[in-house]
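Visitor: I would like a close look at a single part of this protein, the part where aromatic rings come together. Could you walk me through it?

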Amino acid sequence: MAKGKTDQLRRKDGVWDPLRSSRSDLKRAERIPGTPQSLSPAYRLAFADSEFLCREELRPVRLQLELLKVEMMLTEYGIRSTVVMFGGARIPAPGQPAWAAKNDGQKANLEAASVFYDEARKFARLCSEWSAGYDYKEYVVVTGGGPGVMEAGNRGADDVGAPSIGLNIVLPHEQAPNPYVTPELSFNFHYFAIRKMHFLMRAKAVTVFPGGFGTLDELFETITLMQTGRMAKVPLILFGEQFWRRVVDFDALAEFGTIAPEDVELISFVNTADEACAIIKRFYEKENGAS
């Protein structure tokens, strides 16, 4: 039977909807002749008026939109779980100069840290090969979408033809997504809080490589949520034990009493991708029967 005009009244999900769509009215509004009235900002459709949407009073709506857009697109893509990779943007690839170094000491440290770029790339590759067994719906690599460790993560997935997610954020200095993020999964944020929610909402494991304030913020957000029971305990793996032991004295916090001794056990330290993958696999074999 040929499709009738009434078939056009069904949405993509098959639901009958006789009301005119906002998309069609947007196109119609664009064709209205230009007059003093129609050219006035007041006449714009509210949902198509970027100046209106950026008003201070609309902040709750913008927060909701940032939460919804990414959630809806990841759901449509079929992604059910992720492996999170946090880490410094300033760590260069092996053989590349430390572009962010401000002195010779920083240059030497950052270029020596390029070993973590290699391990991040390998880790993402191993996760993505594992993800292939789930049709790339589980254990999908997600990074902050930028350079350094983030680039290494998306690059490792790209090495084996796997999709990966990039959650970029608008910063004072220009930051374009790295070229290895899957374009359909390349997102941009204004709100740090919503971005951090999306990092953790599907996380089956969280890995943290050496980094700066942003990386520390992400680490402590994650460990606080697990410590307080607001998030299920998942593998939280820190790459580079020597770096982390020097930067944060977790044992001193426990000794002083500001955290419980068992809180330190929320963290695992590794130096290689193979060690990290082994921790994740053991965790889910033990907890969920190799889910």
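Guide: Happy to! Let's start with the cluster: W130, Y134, Y139, F283 and Y284 together make up one aromatic cluster. Please keep in mind that this is a predicted model.

Two members of the cluster also bring us to the charged side chains. The charged end of K204 lies over the ring of Y284, at 4.6 Å from the ring centre. W130 has a lysine of its own: the charged end of K281 sits over its ring, 5.2 Å from the centre.

Now for the wider setting. Searching the whole structure turns up nine aromatic pairs. One of them joins F243 and W244, with ring centres 5.0 Å apart and planes at 85°, so this pair is edge-to-face. Planes over 60 degrees apart earn that label. The partners sit in contrasting surroundings: F243 has 29% relative accessibility and counts as partly exposed, while W244, at 0%, counts as buried.

Back in the cluster, F283 and Y284 form an edge-to-face pair as well, with 4.9 Å from centre to centre and 75° between the planes. Here F283 is partly exposed, its relative accessible area being 23%, whereas Y284 is buried at 5% relative accessibility. The cut-off that matters for both is 20%, because buried means under that value.

So if you have the structure open, Y284 is a good place to rest your eye: this residue belongs to the aromatic cluster, pairs edge-to-face with F283, and has the charged end of K204 over its ring.

Definitions and conventions:
Residues numbered from 1 in each chain as written. Predicted model: local features only at pLDDT ≥ 70, side-chain atom pairs only at ≥ 80, totals over all residues. Heavy atoms only, no water. Phe/Tyr/Trp six-rings, centres within 6.5 Å; stacked < 30°, edge-to-face > 60°. Buried < 20%, exposed > 50% of the residue type's maximum accessible area, 1.4 Å probe, protein only. Lys NZ or Arg CZ within 6 Å of the ring centre and 35° of its normal.
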